[in-house]
Amino acid sequence: MVKNANGRFCINLPKIGLVPFVYNRRIPKGFKVKTGTVIREVDGLYISFTIEDKTVPVEVVEIQPTEQNSKGIDLGLIYYAVTSDGEFIEVPKFFRLSEHRLSKLQMRLAKKSKHSKPWKILKRKIAKLHQLIARQRLDWQFKLAYHLFSDCQVIFLEDLQIANLVRRCKAKLGDNGQFLPNGQSAKSGLNKSLQDAAFGQFVQVWEYVAWKLGKRIIKVDPKGTSQHCWECLNKVSKSLSERWHSCSKCGQELDRDYNSALLIQKIGLLSTQEEDITSVKTAVSFYLTEESRALP
C-alpha cells in the first residue's frame, strides 16, 4: 500500500495499477498481506485482505463440558433459538417484514423498459433493500451469538443439513401420467422462512464468535431430538404441529423445543464422556443395556 500524489492510500492491483481506497483498519505490525479479494456490492467496491503472521501460535481450545458450563440450543421457526436454561428467542423475520415493500418495487420494475434509466433506478433500489435485509440479519446474528456465549463456555447444537431441509418435494405421478399434488406449495412457504432464518449462516457466525472468545461449539446428531424425552429418553412421537411434550413414562410436561434443547445438552454431555454415545439412538441403546444389566 502506498500514497498517491493527493495523499490517498492506494492498493496496487495486478493488471489495473494503483487504486485509491478508504484505509479504515490498519494492518498490525508483523503481519504480511497474503491475498486481497475485491467484492462488488450495490453501494460500492470493497477489498478484503487475508493477513498472516507465522509467529502467532495456533491454539486449540480444550474445555471439558459440564452441566454447569454448557447449554443446549434448539433452532427452529416458532422460536429462533430455545436454550436448555429456559430462554426463548423470537424469530426476527427480516425478509418477511420487508417482503411487501420488495414486491411493490418488483411490480414497478416489471412495467419498465429493460435497461432504461427508470429500470436501472428501480433495480438499484431493490438491490439496496436486499443488502439492508442481509446486513440486518448478520448484525442480529452476531449480537445473538455473543449473548448466548455470555454465561457459558460450551454450546451444544444440532448438526443441521440445511440443503436437505429446503429441498423440493418429490414429484408424484398418477396412473395416467399426470402430476398429483405433492405439498410443494406449502413447502415453498416453509423454505422461504428457513432461508430468512439463515441457520447455516448463523452457525458459521457462532463458530467464529466461539473461536474469538476461546469457547467451544459441539454439534450433535439431530435425529430423534424432538421425538424423545430428555429425562428418561422414552420415545414420544409428535407431528410438526404438536408443540407440547408430554411423557407418559416419567411425567415430564414442557414445551417441545425446550425439551429438545435439554435433550441436545444431555446427548452432548454423554457424547463427550462416553465414546460409544454419539446420538439419541445410541444413548437409548446404552440406557436399555444398563437397565437390563441392573435387573436380577
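What share of the contacts in the chain with a separation of 6 or more comes from residues 24 or more positions apart? The share is 56%. The points below concern a predicted model.

1. Overall dimensions. The chain has 296 residues and a radius of gyration of 25 Å, whereas a compact globule of that length would have one near 19 Å. The C-alpha trace spans about 90 × 65 × 35 Å along the principal axes of the chain. Buried residues account for 32% of the 296 residues. The exposed area of the chain is about 19500 Å², of which carbon and sulfur atoms supply 53%.

2. Secondary structure. The chain contains seven helices and 14 strands. Two open sheets are discussed here: one of five strands, with mixed pairing, and one of three strands, with antiparallel pairing.

3. The five-stranded sheet. The strand order is S8-S7-S6-S9-S12. Strand S8 (88-90) and strand S12 (216-220) form the edges, each of them pairing on one side only. From one strand to the next, the twist averages 25 degrees. Helix H5 (residues 199-213) packs on this sheet and touches strand S6 (70-75), S7, strand S9 (154-158) and S12. The direction of H5 makes about 140 degrees with that of S12. Helix H6 (residues 256-273) lies across S6, S7, S8, S9 and S12, and runs at about 130 degrees to S6.

4. Strand S7 and its neighbours. Strand S7 (residues 79-83) is joined to S8 by three bridges, and the two strands run antiparallel. The pairing of S6 with S7 is also antiparallel, over three bridges. On the S6 side, Ile-73 stands opposite Thr-83 of S7. On the S8 side, Ala-81 has Ile-89 as its bridge partner, and Val-82 stands opposite Phe-88. Is S7 largely enclosed by the rest of the structure or largely open? Four of its five residues are buried, so S7 is largely enclosed.

5. Hairpin connections around S7. A hairpin with three residues leads from S6 to S7. The hairpin of S7 and S8 has four residues between the strands, and Gly-86 in that hairpin takes a positive phi near 90 degrees.

6. The three-stranded sheet. The order is S1-S2-S3. Strand S1 (2-3) and strand S3 (17-20) stand at the edges; each has a single partner strand, so one side of each lacks a neighbour in the sheet. Two bridges link S1 with strand S2 (residues 9-13) in the antiparallel sense. Within this pair, Lys-3 has Phe-9 of S2 as its bridge partner.

7. Cysteines. How many disulfides does the structure hold? The number is zero. Cys-10 has a relative accessibility of 2% and therefore counts as buried. Cys-169, with a relative accessible area of 26%, is partly exposed, because the buried class requires a value under 20%.

8. Positive phi outside glycine. Two residues merit inspection under this heading. His-115 has a phi near 70 degrees, a positive value in a residue other than glycine. His-115 belongs to the loop between helix H1 (94-110) and helix H2 (117-148), and its relative accessibility of 57% places it among exposed residues. Ala-198, which is not a glycine either, has a positive phi of about 55 degrees. Ala-198 is found in the loop between helix H4 (184-197) and H5; at 14% relative accessibility, Ala-198 counts as buried. The two residues thus fall on opposite sides of the classification, since buried means under 20% and exposed means over 50%.

9. Contacts of Glu-231. Where does Glu-231 lie? The residue is in the loop between S12 and strand S13 (244-246). With a relative accessible area of 37%, Glu-231 is partly exposed. Leaving aside residues up to four places away in sequence, Glu-231 touches Cys-250, Gln-252 and Lys-266. In the last of these contacts, Glu-231 and Lys-266 are 35 residues apart in sequence, and their C-alpha atoms are 8.8 Å apart in space.

Key:
Residues are numbered from 1 along each chain as its sequence is written. This is a predicted model: local features need pLDDT of at least 70, side-chain atom pairs count only at pLDDT 80 or more; totals for chains, interfaces and linings use all residues. Side-chain values use heavy atoms; hydrogens and water are left out. Two strands pair if DSSP finds at least two bridges between them. Axes are lines fitted to C-alpha atoms, for helices over the stretch in contact, and angles run from 0 to 180 degrees between N-to-C directions. Contact means heavy atoms within 4.5 Å. The radius of gyration is taken over C-alpha atoms; the globule rule is 2.2 Å times the number of residues to the power 0.38. Buried means under 20% relative accessible area, exposed over 50%, partly exposed in between (1.4 Å probe, protein chains only). Accessible areas come from the Shrake-Rupley method with a 1.4 Å probe; for residues, only the protein chains shown count as cover. A disulfide is a pair of cysteine sulfur atoms within 2.5 Å.
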